[in-house]
Amino acid sequence: MTVRGLVYAEPGAAPAFEEIVLEEPGENEVRVRVAACGVCHTDLHVVESGGWHMRFPILLGHEAAGVVEAAGDGVTHVAPGDPVVIAWHVPCGECRNCLRGDERRCSNYLRGARKMRRAADGALLAPVLRTGGFADALVVHAACAVKMPAELPLEQACLLACGFSTGAGAALWSTPVQPGSSVAVIGCGGVGLAAIQGARLARAERIVAIDTVPEKLELALQLGATEAVAAGDEVADIDFAFSAIGAPAGLVDAVRMLAYGGTACLVGVPPSRRALDLDIELDLFAKHATIAVTHGGDVVPQQDLPFLANAALAGKLDLERFVTSTIALDDVPAALEALHTPSGVRTVALL
Ligand SMILES: [Zn+2]
Ligand SMILES: [Zn+2]
């Protein structure tokens with residue numbers, strides 16, 4: 001079948017819509033009709049970094065939710081008609097970390113056979129984070145399709161594919177935040193706000209939101225922060241500090257505000273070839289500090305994404321507040337550009 005998708009054809013090219021041919025899903029694969037796909041910084045990063053080490057041509061979009069349209073042999077956990085979110089972070093079950101039972105640190109995520117080609121020349125498309133959500137439909141490994149409760153709108157469910165679960169998962173599973181602890185979140189964009197929601201769900205006692213923008217701090221307070229602090233002001237005695245900004249200074253600040261035994265967690269994709277300005281004795285050893293890194297919240301999608309969806313339906317997470325505008329698929333290139341001057345939390349394309 002032929003659908004339309006947003007393709008980044010070569011370094012320097014502007015993303016453009018092209019016809020895409022989808023092969024039928026094979027064993028343990030599903031075809032999903034995309035209903036909603038969030039506009040995430042990582043797609044912009046793919047474009048602006050000249051492909052982020054991926055092969056061209058690249059099919060953009062990785063924060064997708066939709067409805068299963070066809071399932072290949074061996075697929076039992078979802079069926080045509082089921083609402084699903086497309087996870088990009090699905091443990092392989094075979095790498096060293098999976099084999100020793102630490103699926104959250106899987107180094108080799110599952111992917112389907114590449115089934116999506118550019119109609120013009122038959123070139124195989126590389127979908128961003130094994131997804132390719134800015135397309136009318138996609139074919140993925142069935143394990144990436146996570147069934148969602150029917151009551152959860154797909155425009156909210158799609159955020160569980162990446163941005164929301166990265167922040168919430170950092171707090172719930174990467175560190176994890178313990179009840180009664182003190183938390184700081186540096187950077188109150190979508191991922192940082194999700195970390196605040198995750199920390200609240202984990203029953204942190206103190207949650208300090210840190211940002212330069214007063215409106216973001218106001219929203220952070222509404223979403224669960226107990227204190228709002230202007231960036232640069234002194235913060236101390238933090239058990240779990242999350243840097244949800246790209247700049248390395250965020251992680252340095254996170255380490256410096258830790259209490260004894262605290263953990264600083266790097267959330268999101270940092271710039272390449274940058275160093276940390278930390279005093280190994282004072283900042284790390286004397287404090288007994290841990291530096292953690294999360295990849296997408298370290299979720300195990302088939303268990304964690306339904307947990308987050310049900311928490312949202314129970315009113316314990318406020319996913320609805322994270323969708324601040326919805327656009328047509330045609331408007332995604334402009335929305336990617338607009339990420340340079342962020343306003344609102346998340347823009348979601350509705351298909
Ligand atoms: Zn693995
Ligand atoms: Zn993303």
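**Close-up 1. His62 and Cys162 at the zinc ion (ligand 2).** In this predicted model, His62 and Cys162 are both buried. Each gives a donor atom to the zinc ion (ligand 2): NE2 from His62 and SG from Cys162. Cys40 also coordinates the ion, through SG. The coordination distances run from 2.0 to 2.2 Å. Along the chain, the donor residues follow the spacing C-x21-H-x99-C. His62 sits in the loop between strand 4 (58–59) and strand 5 (64–71), and Cys162 in the loop between helix 3 (154–157) and helix 4, so this pair ties together parts that are 100 residues apart in sequence.

**Close-up 2. Ser174 and its polar contacts.** Ser174 belongs to helix 4. Its relative accessibility is 8%, so Ser174 counts as buried. The Ser174 side chain makes two polar contacts shown here. One is with the side chain of Thr294, at 2.7 Å. Another is with the side chain of Asp298, at 2.8 Å. Leaving aside residues up to four places away in sequence, Ser174 touches Gly169, Cys265, Thr294, Gly297 and Asp298.

**Close-up 3. Helix 9 and its packing.** Helix 9 covers residues 301–313, 13 residues in total. From first C-alpha to last, helix 9 reaches 17 Å, close to the 18 Å expected at 1.5 Å a residue. Its buried residues are Pro301, Asp304, Leu305, Pro306, Leu308, Ala309, Ala311 and Ala312. These buried residues pack against two strands and two helices: strand 6 (83–86), strand 10 (145–147), helix 4 (163–174) and helix 5 (190–201). Just after helix 9 comes Gly315, with a positive phi of about 80 degrees.

**Close-up 4. Strand 18 between its pairing partners.** Strand 18 spans residues 346–350. Four of its five residues are buried, so the rest of the structure largely encloses strand 18. Strand 3 (residues 29–38) pairs with strand 18 in the antiparallel sense, over three bridges. Within that pairing, Gly38 has Val348 of strand 18 as its bridge partner. Strand 17 (residues 323–328) pairs with strand 18 in the parallel sense, over five bridges. Here Thr326 stands opposite Val348. Helix 10 (residues 332–338) joins strand 17 and strand 18 in a right-handed β-α-β unit.

**Close-up 5. The cis peptide bond at Pro57.** The bond from Phe56 to Pro57 is cis. Its omega is near -5 degrees. Pro57 is found in the loop between helix 1 (41–48) and strand 4.

**Close-up 6. Positive phi at Arg130 and Arg273.** Arg130 has phi near 60 degrees, a positive value in a residue other than glycine. Arg130 lies in the loop between strand 8 (126–127) and strand 9 (137–141). With a relative accessible area of 15%, Arg130 is buried. Arg273 also has a positive phi, near 50 degrees. Its loop runs between strand 15 (258–266) and helix 8 (280–285). Arg273 has a relative accessibility of 81%, so Arg273 counts as exposed.

Terms used
Residues are numbered from 1 along each chain as its sequence is written. Chains are lettered from A and ligands numbered from 1 in the order in which they are written. This is a predicted model: local features need pLDDT of at least 70, side-chain atom pairs count only at pLDDT 80 or more; totals for chains, interfaces and linings use all residues. Side-chain values use heavy atoms; hydrogens and water are left out. The expected span of a helix is 1.5 Å times one less than its number of residues. Buried means under 20% relative accessible area, exposed over 50%, partly exposed in between (1.4 Å probe, protein chains only). Contact means heavy atoms within 4.5 Å. Two strands pair if DSSP finds at least two bridges between them. A crossover is right-handed if, with the strands pointing away from the viewer, the path from the first strand over the helix to the second runs clockwise. Donors are N, O and S atoms within 2.8 Å of the metal (3.2 Å for Na, K and Ca); water is not among the atoms, so sites may look incomplete. A polar contact is a pair of N or O atoms within 3.5 Å; within protein, one must be able to donate a hydrogen and the other to accept it, and residues adjacent in sequence count only if both atoms are side-chain atoms.
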